[in-house]
Amino acid sequence: MRFNILAFVSGAGLLQQQAQLPQTEWSWILILIAIIIGLMWRRYAVMKYIALRKILVGLLCLGIGFFWAAAFAQWRLSDILPHDWERKDIQITGVVASVQPENDRGIRFRFDVEQVLTEGAVVPQHLALSWFKTRPAETADKSLPVLHAGERWRITVRLKQPHGNMNPHGFDYEAWALERNIRATGYVRPSIDNQRLQAWVPAVAYWIEHIREEILHRFAANLSGQAYTGILQALAIGEQHVIPRDQWQIFTRTGTNHLMAISGLHITMVSSMVFALVFWLWRWSAYLTLRLPAYRAATIAGLLAAFAYTVLSGFAIPAQRTLYMLAVVAVALWLGQQASATAVLAWALFWVILLDPWAVNAPGFWLSFGAIAIIMLITVGRIGASHWLTGWVRVQWAITLGLIPLLLVFFQQVPMLSPLANAIAIPLISLAVVPLTLLAAIPLFDFVLPWAHMLLSFLMTILRSLSDFPQAVWQQHAPPLWTIIVAAIGILWALLPGSLGRGFFAGFPARWLGVIALLPLFWIPPSQPGTGELWLAVLDVGQGLAVVARTEHHAMVFDTGPGFGDSDSGKRIIVPYLRGEGIRQLDALIVSHADNDHSGGALSVMAEIPVELLLSSLPDAHPIARAATRTVHCHAGHS
């Protein structure tokens, strides 16, 4: 079964790498193959060969996974905004599905369309909209309404199909939107016809979003002016966007960012605490115990707690993985059977991909399942017991080593102080901050929020100190595919169990060779310009310009694209491209003029990549010029 599940997941992943969806004829070919395999299974003795049978069934599961993902994609893509209706005023009615906190520009929210009022217009069912505070050349109502999840509105919108920037090593917004079933984006047009039609639309999804929204606002009110309110909000409801950029940078540099949202570790802890509490209380009642064993009652309670916390988190991939794993364990406990660790992980993997075939594109999918697989590899089935401290150190070392290839693939950086930072942060966050935060999510227990914030402040002081170390993070180019495969094999070898000899690498002989297999990840650089060559990369930044010029020994960036309020092209596009290509510093950064389309990403570039020289026409009082005086050589005047 494990092999078949891996084949199914591989098929879904294979579909995500295709440039276009398969034709309908391929579905009939898959059905024909399934019929042939079924006939061979019943009639031919060749199917008695176990290896051949496994291969054929595995190929069938591979095809099922491929076409299952294709069917999902076809269904999503069929709900599309026609090009003829892009950037035109369309009046619609629907329900506010979720709302993000207000920012400097306005409000962002999800909207479920119920009815299209404009004659002939075709609009997808799920939209991502913005309601801006002001728009140039508009004289209609400029005030922002107060939006809440579950409200029915009539609004006039201008829409476009989801569009992302296509750059190497960059974020694929279109795939992200497709996974979340966002089939059009746009903004609300000022109109006197925009009005709330109903204050509340009863539905489970909107009720859940209403609870999440209420917790978000209540935390903000009770912790007004506190530095780490956003982190506690993220720990309660999984909204990572409320964490300020500078704080998120600390978590990234220390490798603790997985703790700053609702992770599998938190859900497992909450479920275990509820299980233990119910088990202990249930045994005190003979009446209850005679009707339902205490372990079964505790199993139900623990699973329900995990489900509630997962729903509250927004159903992120790490949370899904943990919920499905706990569900498999709960079924086994209920039936009085034992489930192997690998079977639990495999079934969790199956359910994640079955319900969300695009999950294979998410870094969180690989990091989450990879970390659990590594922990299982070094803990499950080992002979003999070790001291808890030794076991903890071994787990931290194994996770740090095992996730290096994935971190380099997705982020081109590895936090070197991650084991130390996590050794401090995991107990404090999981055993103190998270329980207090969840308790504070109940309205009557708001008074514990300051305690949670106090403990978090203590932790942030430590993490900030670790983040300030000059070599806290190793940054480099994106490694070639073959080096990743070699490194994965080496890591597997280094973490194998055994009992030959003594010492840290005791076990299988020459396990240190596994660590050596990691070296190509760092030593094999990407292609570079040769002598006399000039490579120009014009990056897709939308409206604006960003060009990277490279020679054999120098690199320069001309303009940095636009800024987008809480984000910009420097952070989202230019810095990932430079890191992925192995460019560790810039000999020059040229900002042609102060327009946002050309200078919006400069501060992020200078914050992440060393710059030797800034050439610009910016005045000395400009924020970019002021930042440059502290970090780079600056030439004022026309470049």
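Leaving aside its neighbours within four places in sequence, which residues is glutamate 581 in contact with?

1. The model is a predicted one, and the opening question concerns a residue in the loop between α21 and β12 (588–591), which is where glutamate 581 is placed. Once neighbours within four places in sequence are set aside, the contacts of glutamate 581 are His169, His477, Pro526, Gln528 and Arg550. The relative accessible area of glutamate 581 is 14%, and this loop residue therefore counts as buried, the cut-off being under 20%.

2. Two residues deserve a look for their backbone geometry. Glutamine 412, although not a glycine, has a positive phi of about 55°; its place is in the loop between α15 (404–411) and β7 (413–415). With a relative accessible area of 3%, glutamine 412 is buried.

3. The second of these residues is aspartate 559, which is not a glycine either and yet has a positive phi of about 65°. Aspartate 559 is found in the loop between β11 (555–558) and α21 (569–580), and its relative accessible area of 0% makes it buried.

4. Turning to the aromatic residues, the structure holds 21 aromatic pairs. In one of them, the rings of tryptophan 248 and phenylalanine 251 have centres 6.1 Å apart and planes at 90°, so the pair is edge-to-face. Both residues belong to helix α7 (residues 245–254), where they are 3 residues apart and hence separated by about one helical turn. As to solvent exposure, tryptophan 248 is partly exposed, with a relative accessible area of 23%, whereas phenylalanine 251 is buried, with a value of 0%.

5. For the rings of tryptophan 347 and phenylalanine 350, the centres lie 5.6 Å apart and the planes stand at 90°, so this pair too is edge-to-face. Tryptophan 347 and phenylalanine 350 lie 3 residues apart in helix α12 (residues 341–355), about one turn of the helix. Tryptophan 347 counts as partly exposed at 30% relative accessibility, while phenylalanine 350, at 17%, counts as buried. These two residues also belong to a cluster in which ring pairs link Phe8, Trp347, Phe350 and Trp351.

6. Arginine side chains are also placed over aromatic rings. Arginine 296 lies over the face of tryptophan 334, at 4.6 Å from the ring centre; in the case of arginine 584, the charged end sits over the ring of tryptophan 474, 4.9 Å from the centre of that ring.

7. Strand β1 (residues 90–99) is mostly covered, since 9 of its 10 residues are buried. On one pairing, β1 runs antiparallel to strand β4 (residues 152–160) and is joined to it by 6 bridges, with valine 157 in β4 as the bridge partner of isoleucine 90.

8. The other pairing of β1 to note is with strand β2 (residues 106–116), again in the antiparallel sense and over 7 bridges. Within that pairing, isoleucine 92 has valine 116 of β2 as its bridge partner, and the two strands, β1 and β2, form a hairpin with 6 residues between them.

Notes:
Residues are numbered from 1 along each chain as its sequence is written. This is a predicted model: local features need pLDDT of at least 70, side-chain atom pairs count only at pLDDT 80 or more; totals for chains, interfaces and linings use all residues. Side-chain values use heavy atoms; hydrogens and water are left out. Helices (H or I, at least four residues) and strands (E, at least two) are DSSP runs, numbered from the N terminus. Buried means under 20% relative accessible area, exposed over 50%, partly exposed in between (1.4 Å probe, protein chains only). Rings of Phe, Tyr and Trp (its six-membered ring) pair if their centres lie within 6.5 Å; planes under 30 degrees apart count as stacked, over 60 as edge-to-face and the rest as tilted. A charge sits over a ring if NZ of Lys or CZ of Arg is within 6 Å of the ring centre and within 35 degrees of the ring normal. Contact means heavy atoms within 4.5 Å. Two strands pair if DSSP finds at least two bridges between them.
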